[in-house]
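Please look at the sequence and the model below, and then read on for a short report on how some of the side chains pair.

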Amino acid sequence: MTTDRRGAGSSPLGRAWHRTVSAWRRVEDFHQQVFDARWGHARQREARHQQDTLRALLMLETLGVDNPVAYETLDLIPYMVADLHSWHQRLGRDDFGAPGGCC
């Protein structure tokens, strides 16, 4: 059986394979759209909640508050600084207010 795209359309078996793959991709797209429509907002809200919790833990760490998981979060501080700008904009603030943080 030929898996090459050019060869897939040259024989009846290749065309059938191509149609089957195309139909499967449409089924996958439909499933993803149904999944996103039903649970997409809740999933995104939960992801934002977890990110905010992590961000708060990391902010406490940078302010000197003892963190019981400090060793694990130390490697995440560069990622937090990179993510800070989108976070304060989502909270409705145009600038962060602290020098050197972002903006």
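A salt bridge is a side-chain nitrogen of Lys or Arg within 4 Å of a carboxyl oxygen of Asp or Glu. Side chains of opposite charge can pair when their charged atoms come close. This is a predicted model, in which local features need pLDDT of at least 70 and side-chain atom pairs count only at pLDDT 80 or more, while totals for chains, interfaces and linings use all residues. Residues are numbered from 1 along each chain as its sequence is written, and side-chain values use heavy atoms, with hydrogens and water left out.

The structure holds four salt bridges, including those in the table.

| Salt bridge | N to O distance |
|---|---|
| R43 and D36 | 2.7 Å |
| D52 and R55 | 2.7 Å |
| D83 and R55 | 2.2 Å |

The pair of D83 and R55 links distant parts of the chain, with D83 in helix α4 (residues 77-90) and R55 in helix α2, 28 residues apart; helices here are DSSP runs (H or I, at least four residues), numbered from the N terminus. Salt bridges with shared partners join D52, R55, D83 and R90 into one network. Within this network R55 is buried, at 5% relative accessibility, where buried means under 20% relative accessible area, exposed over 50% and partly exposed in between (1.4 Å probe, protein chains only). D52 is partly exposed at 28%, and D83 is partly exposed at 29%.

D52 and R55 both lie in helix α2, three residues apart, which is about one turn of the helix. Away from the table's network members, R43 has a relative accessibility of 42% and D36 one of 31%, and both count as partly exposed.

Terms used. Helices (H or I, at least four residues) and strands (E, at least two) are DSSP runs, numbered from the N terminus.
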